[in-house]
Amino acid sequence: MFKLFYAPRTCALASHIVLEEVATPYEAVRVDFSKNAQREPEYLAINPKGRVPALLTERGVLTETPAILLFLAQRFPAAQLAPLADDFALAQLNAFNSYLCATVHVARAHGRRGARWADDPLAIEAMKRKVPANMAECFALIERHMFVGPWVMGGRYSVADAYLFTVSGWLEGDGVDLGKLPKTQAHMKRMSERPAVQRALAQENAAP
Ligand SMILES: N[C@@H](CCC(=O)N[C@@H](CS)C(=O)NCC(=O)O)C(=O)O
């Protein structure tokens, strides 16, 4: 049985949603960020990066959201969560997920984890101030050039939707005006109606 190591409202939600979508038995294990449990030796033995998500599989631990999402889509092809037989479409899906992982998520981390990039408190404050504009710019680009609609890839729901929903959920807290992102807003609403999304959120919200 898979074990997902997660913390609520983090990027691990995307993997959590997809585990619910594929309807496989799994255990969700909360890593308590308030106690810095991600840096404890016990968790570092699972994921030396000290981050969530980490997915424990029968062959070892997987990290990095795009890798976990594609792994689940491939492991459960009947769920049709990625265009597995279409090389170009699959590459597009990878491009989308990579953009969220390597650009959007990192842009956001400059607000909360600025100490990764600078020691100077003024530099850290300056990075924080850039977050709303950077996130708004990333999402404007997604709406203009990447999001096909009604789902990320067009007519077919995919793992990219779970990932987009997860990152969109941070926008309000990051000071981004959602009113200027109508496609993102509509997508969030569409996602909130999916039972798998509701189950993943309920589990995360119920955990102590
Ligand atoms: N590139 C990784 C990023 C993982 C990551 O940064 N996760 C954050 C939560 S969104 C985390 O665990 N942060 C804990 C920390 O930095 O101490 C992925 O996409 O899975």
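**Why the terms apply: T57, helix 1, the ligand and M135**

Q: What makes the approach of the side chain of T57 to the backbone nitrogen of R59 a polar contact?
A: The side chain of T57 reaches the backbone nitrogen of R59 at 3.0 Å. A polar contact is a pair of N or O atoms within 3.5 Å; within protein, one atom must be able to donate a hydrogen and the other to accept it, and residues adjacent in sequence count only if both atoms are side-chain atoms. The distance of 3.0 Å falls within that limit, so the pair is called a polar contact. The side chain of T57 also has a polar atom 2.7 Å from the backbone oxygen of G60.

Q: How do you know which residues and atoms these values refer to?
A: The model is predicted, and local features need pLDDT of at least 70, side-chain atom pairs count only at pLDDT 80 or more, and totals for chains, interfaces and linings use all residues. Residues are numbered from 1 along each chain as its sequence is written, and side-chain values use heavy atoms, with hydrogens and water left out.

Q: Why is T57 called buried?
A: T57 has a relative accessible area of 10%. Buried means under 20% relative accessible area, exposed over 50%, and partly exposed in between (1.4 Å probe, protein chains only). The value of 10% is under 20%, and T57 is therefore buried. T57 is placed in strand 3.

Q: What touches T57, and how far is T57 from M1?
A: Apart from residues up to four places away in sequence, T57 touches F2, L62 and F71, where contact means heavy atoms within 4.5 Å. M1 is 56 residues from T57 in sequence, yet the two are 7.2 Å apart in space, C-alpha to C-alpha.

Q: What makes helix 1 mostly covered?
A: Helix 1 spans residues 12-22, and eleven of its eleven residues are buried. Helices (H or I, at least four residues) and strands (E, at least two) are DSSP runs, numbered from the N terminus. The buried residues include H16, I17 and E20. Among the elements against which the buried residues of helix 1 pack are strand 1 (2-6), strand 2 (26-30) and helix 8 (195-206).

Q: Why does E21 count as buried, and what does E21 contact?
A: E21 lies in helix 1, and because its relative accessible area is 18%, E21 is buried. Beyond its neighbours within four places in sequence, E21 is in contact with L81, Y157, R194 and A196.

Q: Why is A23 placed in another class of accessibility, and where does A23 lie?
A: A23 has a relative accessibility of 65%, so A23 counts as exposed. A23 lies in the loop between helix 1 and strand 2. A23 has a positive phi of about 55° although it is not a glycine.

Q: How do you know which residues surround the ligand?
A: A residue is near a molecule or strand if one of its heavy atoms lies within 4 Å of it. Around the ligand there are 16 residues, and the closest are Q38, R39, V52, E64 and R116.

Q: Which side chains place N or O atoms close to ligand atoms, and how much of the ligand does the protein bury?
A: An N or O atom in the side chain of R39 is 2.8 Å from an oxygen atom of the ligand, and one in the side chain of E64 is 2.6 Å from a ligand nitrogen atom. T65 has a polar side-chain atom 2.9 Å from an oxygen atom of the ligand. Taken alone the ligand exposes 520 Å², and the protein buries 91% of that.

Q: Why is E64 called partly exposed?
A: E64 has a relative accessible area of 37%, which is why E64 is called partly exposed. E64 sits in the loop between strand 4 (60-63) and helix 3, and has a positive phi of about 80° although it is not a glycine.

Q: What makes M135 a buried residue, and which residues are in contact with M135?
A: M135 is buried because its relative accessible area is 0%. M135 is found in helix 5 (residues 121-146). Its contacts, leaving aside neighbours within four places in sequence, are V104, A107, R108, V167, L171, D174 and V176. M135 and T65 are 70 residues apart in sequence and 19 Å apart in space, C-alpha to C-alpha.

Q: How do you know that the peptide bonds leading to P53 and P150 are cis?
A: For the bond that joins V52 and P53, omega is about 0°, and for the bond from G149 to P150, omega is near 0°. P53 lies in the loop between helix 2 (41-44) and strand 3, whereas P150 lies in the loop between helix 5 and helix 6.

Terms used:
Accessible areas come from the Shrake-Rupley method with a 1.4 Å probe; for residues, only the protein chains shown count as cover.
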